[in-house]
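The following exercises practise reading a protein model step by step. Attempt each task before consulting its solution.

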Amino acid sequence: MYKPSKRLTRLFATTAIAATVFTAAAPNVLAVTQPHPDQELNQENVKKQMEVQSVEQLEDGVKLTLTDQKEAYIRLFAEDMAKVSILEQGEEEYFSEGIAKKEWDAPSFDVEDEGNVVTLSTDEITVKIKKQPFGVKFLDKEGNVINEDYMQNGSGYDEDKPYVYKKTNKDEAFYGFGEQAGLNVNQRGESIGMFNTDAYAYQTDTKYLYTSIPFFMGLKNDKAYGIFFDNSNRSYFEMASESDDYYYFYADDGKLTYYFMYGPEIQDVLDRYTELTGKMEKPAKWTLGLHQSKWGYTAEEIENVAKTYREKEIPLDTMHFDIDYMDEYRVYTWADDYASEELHNNLDNMNFHKIAINDPAVKKDPGYFMYDEGTANDYWAKNPDGTNFVGEVWPGDSVFPDFSKEEVRDWWADHSKILYDQGIDGIWNDMNEPAVFDGPYHTAPLDVTFGEGENQRTHAEYHNLYGHDEAEATYEGALQHNPEERPFVLTRDMYAGTQRYAALWTGDNVSQWDHLQMSIPMNANVGLSGQPFVGNDIGGFADRPDAEMYARWIEVGAFLPFSRVHYDSDSKAAVKQGQEPWAFGKEVEDISKKYIEMRYKLMPYLYNTFVEAAETGSPVQQPLVYQFQEDENTYNISDQFMFGEEMMLAPVVKEGQTERDVYLPEGETWVDYWTGEEYQGGQTIHTAAKLDHLPIYVKKDAMIPTREVQQYTDEKPLENLVLDTYLSEEASYSFYEDDGATLDYKDGEYNITNLNVVRKGKHIEFTQSKEATGYDSELDSYTLKLNNEKAPKKIKAARAKYTEVSSVEEVKAQQETYFFDKETSTLYVTVPADERHKVKIFSGK
């Protein structure tokens, strides 16, 4: 359970632009761009603790007058959530752009002020505030301590740096923190930094990556809580990295504001956190298919790669246009060959969706409409002297939109019409830290300013929010210019709350085995930070994989929430190797096709998992601890994950490995997806895993909706839904269906059908009930697939008797029929979608 503290050597660049070196002899020699040096706390200042001088009760909590000209607000936003603010006297409380819900109905609570302690009590939590010295303690309704300040240091300000120290014990685990490098899902012992950085070819010990989500969860005594440190300045989290007795977090500047939320389940915390910062919207189904991309595809190659996917019948939904499509990298322009009507018509005729990259840097080029308009309207980020900041990016000298201004976001959104008019279906925001080639530490100087007047902020404060506001502008542009479709925005840079607008990919990873291994805990922690729609470049972006690595990566990649093959320009790779599924020979092509087809077969299950994510904030790719937090053996498992609620994957992520150990969490019976063999949970098993084999296990009593394989997600209407069922006593599924494309579901155009299979003595009953019927579905039938069953004696619904047929294809095609596969002991029963009666399956002798 406990992971010893680590003092990893962090790799910092010594030049302004990242240098990356690849050689055949030493492929791992990398210098990764990192920001300016960390600012550490002055421990002498930290030990000077504040005291409470007076207490005032508020409608939703208390206001405390503190020493050092400070005041604190402890507000109860819900029965299980509190906001803690420590400010200069007279300052307003802080809400960043990451906050989606600012107005809350205060819960019922009691206040006691006795002696040295002020107590706030709701039905779920108790907040005890110590007066001398000032400190905060959170307890559950039974009086157990959930979380408390470490009173040797407490909380406050080290000059301008807000900080909070918390007490911990050696068994407490920590998760979240957004996108973090490393091979461990449990972040205990880590020294974490948040300052969005263009960390090309980052490594497992790179401290600063592309996103900043200052939210984490603690898991102590099987109970979970969350803390969101809402500070957009560069921030730091020392998670028991110095001592097993405490952890702490702080920022370079800004106000001390954090939210505390109690579970006790991880899901409860995540649901509450995403109520605060916003939940993702339901995605378009096509975005859940496979995507293909490369930096450096010519227009001809884009068409040929798309055509080859169709010829080889490997499913694919989307082709991406990287920066090459622009006219000399000018945003919102098209180079002639990529704008070819023939190219776009051919892609459309092959039923491909198209996504175009977009960068924030605008070429400084008088006569170029974006530059002229932005200059005329004073839309650019400024130097301290008020002149426009100019930095070098792909177009050369460039200016940077000030997305902190609403009018600039509106202007940016307006111009996305240029992309949608060309037939683009989604936009991919890159370089939005913002990256600046000739800037200090690969970004703009920290004294560059955004906004004006009372709303002016320095780059130091606004940096981590830049991509967030750009994502909002891009999302609003999609709603404006592509109103018939659900928006799709992909971003490299985010802050807390950006999940409201965009999916995330984890930047410029590398074709290395440890990057494949790292992707699993990285995605898990992103998912536990409120962003379910996350993925990594399959096969690695920088460098090139060999056949074995690509095969293992595509096995994982087929189950990523966001699934995209994307790779670097040939000019930067020592080996000129494609990363399309057929580029490594027939064996790897077959493996790729097998698992990509599996993703498309599981599309109803995957889409429903995303619907759940949109409604509750739950991850799609889940660490085992998410579902099994009472099983301490799951706390540090970083090379297995749950794909939705029912399926567990145990991929091979090490070179040359053809077998592995798999831990099966306690409390469930697990079924080998490939063999049907059953295992009791709470044990570790050993399994073979040849190159074409991804170990997959399914919970007993799971029902998984599937469909026939398609070459793209809307190739055929869903007319027959297969319910892949592993029945012990009772299996159920609440199946959601809408058009998967428009926003009509917001007007009630969706269906929810509750499906249930139960074993009753010598027969099995299947029933369905309609919870919502607002969508005009083409679903005609269900095929109930019962694994590891006996041949039935008879099947009937009321007086209607089901007819036995001779094949799986035949049973799926005809309602009120069944087929028993003797070789696999699998029973298939096809039921009309409008069947009102119980379908009873009577066992044979």
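**Exercise 1. Annotated domains**

Task: State which residues the UniProt annotation "domain: Glycoside hydrolase family 31 TIM barrel" covers, and describe that span.

Solution. The model considered here is predicted. According to the unreviewed UniProt entry, this domain covers residues 283-608. Over residues 283-608 the chain is 35% helix and 14% strand. The end C-alpha atoms of that span are 11 Å apart.

The UniProt record also places "domain: Glycosyl hydrolase family 31 C-terminal" (unreviewed entry) at residues 617-704. For residues 617-704 the content is 5% helix and 39% strand, and the end C-alpha atoms lie 21 Å apart.

**Exercise 2. Length and burial of two helices**

Task: Determine whether the span of helix 3 agrees or disagrees with 1.5 Å a residue, and list its buried residues. Then treat helix 12 in the manner of helix 3.

Solution. Step 1: helix 3 has 14 residues, which should span 20 Å; its end C-alpha atoms are 20 Å apart, so the two values agree.

Step 2: the buried residues of helix 3 are Ala299, Ile302, Val305, Ala306, Thr308, Tyr309 and Arg310. An α-helix has 3.6 residues a turn, so residues three or four places apart point the same way. The cover over the buried residues of helix 3 includes strand 19 (291-294), strand 20 (318-321) and helix 4 (341-349). After helix 3 comes Glu313, with a positive phi near 55°.

Step 3: helix 12 (residues 586-601) contains 16 residues and reaches 22 Å from its first C-alpha to its last, close to the 22 Å expected. Its buried residues include Val588, Ile591, Tyr595 and Met598. Among the elements covering the buried residues of helix 12 are helix 3, helix 11 (547-557) and helix 13 (603-616).

**Exercise 3. Aromatic pairs**

Task: Classify the ring pair of Phe174 and Tyr247 as stacked, tilted or edge-to-face, and do likewise for Phe450 and Tyr462.

Solution. Step 1: the model has 66 aromatic pairs. The ring centres of Phe174 and Tyr247 are 4.9 Å apart and the planes stand at 70°; because an angle over 60 degrees counts as edge-to-face, this pair is edge-to-face. The pair links distant parts of the chain, 73 residues apart: Phe174 belongs to strand 12 (residues 173-176) and Tyr247 to strand 17 (residues 246-251). Phe174 has 0% relative accessibility and counts as buried; Tyr247, also at 0%, is buried too.

Step 2: the rings of Phe450 and Tyr462 have centres 4.8 Å apart and planes at 45°, so the pair is tilted. Phe450 lies in strand 26 (residues 449-450) and Tyr462 in helix 8 (residues 459-462), so the pair ties together parts that are twelve residues apart in sequence. Phe450 is buried at 2% relative accessible area, and Tyr462 is buried at 0%.

Step 3: Phe450 and Tyr462 also belong to a cluster linked by ring pairs, which includes Tyr332, Trp380 and Trp412.

**Exercise 4. The nonpolar core**

Task: Identify which residues of the largest nonpolar core touch the most other members.

Solution. Step 1: nonpolar side chains tend to be buried together in soluble globular proteins. Of the 184 residues in the largest core, Phe228, Phe559 and Met647 touch the most other members. Helix 13 contributes the largest share of this core, eight residues.

Step 2: leaving aside residues up to four places away in sequence, the contacts of Met647 include Met598, Tyr605, Phe641 and Ile696. A second, separate core has 40 residues, among them Leu66, Phe134, Phe138 and Phe229.

Conventions:
Residues numbered from 1 in each chain as written. Predicted model: local features only at pLDDT ≥ 70, side-chain atom pairs only at ≥ 80, totals over all residues. Heavy atoms only, no water. Helix = DSSP H or I, 4+ residues; strand = E, 2+ residues; numbered from the N terminus. Expected span 1.5 Å × (residues − 1). Buried < 20%, exposed > 50% of the residue type's maximum accessible area, 1.4 Å probe, protein only. Contact = heavy atoms within 4.5 Å. UniProt positions renumbered as here; feature names shortened; annotations may be inferred. Phe/Tyr/Trp six-rings, centres within 6.5 Å; stacked < 30°, edge-to-face > 60°. Core = buried A, V, L, I, M, F, W, Y, C linked by side-chain atoms within 4.5 Å.
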